[in-house]
Structure formats: C-alpha cells, structure tokens
Amino acid sequence: MTYDAGNVFARILRGEIPCGKVHETAMSLAFHDINPQAPTHVLVIPKGAYVSWADFSAKASEAEIVDFVRAVGEVARMVGAEAPGYRLLANHGPDSHQEVPHLHVHVFAGRPLGPMLKRPG
Ligand code: AMP
C-alpha cells in the first residue's frame, strides 16, 4: 500500500491540525485519541511515513524502531499505566479495521480492560 500523505496523522505531524500531545521524541509522537475507548487512550506514531506495522517493521531504520518502541513504553509510564496495567494494539489491513493509514499503536488504560477480543456471535 502506498503511503497517503493526506492522512490525518500526517497532517498532525505537519502541524496542519492540532492534537493533544502527550509525548514527543526525535522520531515519534504521542497524542490523545480523539474518540477515546478507555479512560486513557493514547496513540503513538512514528514521524516517518509508514502505513502500518508491516511497512514499519520491514522498512524503518533500527534507530526509528528503537525510538518508537521506547516511546510506547515511556508513554505508558508517563500516563501512570505501568503498575495497574495497559493494553497495546496496532491494526494492519482490512481484517483489522485499520482506519488511519499511518502506523499507530493504541495505548489503552485506566480501567480493567476485559477480554482481548469480542467473540463472534
Ligand atoms: P485505527 O482504527 O486503528 O486506524 O484507529 C484510528 C484511531 O484514530 C481511532 O481510534 C480514531 O478515534 C483516531 N483518530 C482519528 N482522527 C484523529 C485525530 N484527529 N486526533 C486523534 N485521534 C484521531
């Protein structure tokens, strides 16, 4: 999938639309999800143009990968989620229902989060 530079997270990175910034590193940005699904719902994105985990894991530099993985952990610590616990989620592709085609890891926390996936039926 080709990267669409008009996606909403690319626009946030360019400063064209605002975000509720939680954390920023040289290569990553974290901000509050606009439609939170838990008391704490933060999105962590790489600053580079990567569509999803598939793209990022294949093409990102080691420095970008280290920065991003550490940023996710730092965000969870910063929002006080490390002791009570948190859930990470990254969607890739149609079956996952990925809506924004720029890699993002969701950090959910702030209440018991229940079973991992809704069971069919
Ligand atoms: P996904 O389904 O994994 O692609 O998740 C996309 C997420 O981006 C959803 O949880 C949306 O609520 C969130 N989102 C969409 N637009 C914005 C925005 N402008 N600022 C923050 N979060 C957003």
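How far is an oxygen atom of the ligand from an N or O atom in the side chain of Asn91? The distance is 2.8 Å. Keep in mind that this is a predicted model.

Let's stay with the polar contacts. His104 also takes part: an N or O atom in the His104 side chain lies 2.8 Å from an oxygen atom of the ligand. Then there is Ile34. Here the partner is a polar backbone atom, and a nitrogen atom of the ligand sits 3.1 Å from it. How much of the ligand does the protein bury? On its own, the ligand exposes 510 Å². The protein buries 87% of that.

Now the site. The ligand takes up the space of the largest pocket. Which elements give two or more residues to the shell around the ligand? They are helix H1, residues 8-13, and strand E2, residues 28-32. H1 gives the most, with three residues.

Next, the shell itself. It holds 16 residues. The closest to the ligand are Asp33, Asn91, Glu99, His104 and His106. So two of the names from the contacts come back here: Asn91 and His104. What is the make-up of the shell? Seven residues are nonpolar, seven are polar and two are charged.

Last topic: aromatics. How many aromatic pairs does a search of the whole structure find? Five. Take Phe9 and Phe31. Their ring centres are 5.3 Å apart and their planes meet at 75°, so this pair counts as edge-to-face; the cut-off for that class is over 60 degrees. Where do the two residues lie? Phe9 is in helix H1 and Phe31 is in strand E2, so the pair ties together parts 22 residues apart in sequence. H1 and E2 are the elements we just met at the ligand shell.

Definitions and conventions. Residues are numbered from 1 along each chain as its sequence is written. This is a predicted model: local features need pLDDT of at least 70, side-chain atom pairs count only at pLDDT 80 or more; totals for chains, interfaces and linings use all residues. Side-chain values use heavy atoms; hydrogens and water are left out. A residue is near a molecule or strand if one of its heavy atoms lies within 4 Å of it. A polar contact is a pair of N or O atoms within 3.5 Å; within protein, one must be able to donate a hydrogen and the other to accept it, and residues adjacent in sequence count only if both atoms are side-chain atoms. Accessible areas come from the Shrake-Rupley method with a 1.4 Å probe; for residues, only the protein chains shown count as cover. On a 1 Å grid over the protein atoms alone, a cavity is a set of points where a 1.4 Å probe fits but cannot get out, and a pocket is an open set with protein on both sides within 12 Å along at least five of seven lines; lining residues have an atom within 4 Å of a point. A molecule sits in a cavity or pocket if more than half of its atoms lie within 2 Å of its grid points. Helices (H or I, at least four residues) and strands (E, at least two) are DSSP runs, numbered from the N terminus. Ala, Val, Leu, Ile, Met, Phe, Trp, Tyr, Cys and Pro count as nonpolar, Asp, Glu, Lys and Arg as charged, and the others, Gly among them, as polar. Rings of Phe, Tyr and Trp (its six-membered ring) pair if their centres lie within 6.5 Å; planes under 30 degrees apart count as stacked, over 60 as edge-to-face and the rest as tilted.
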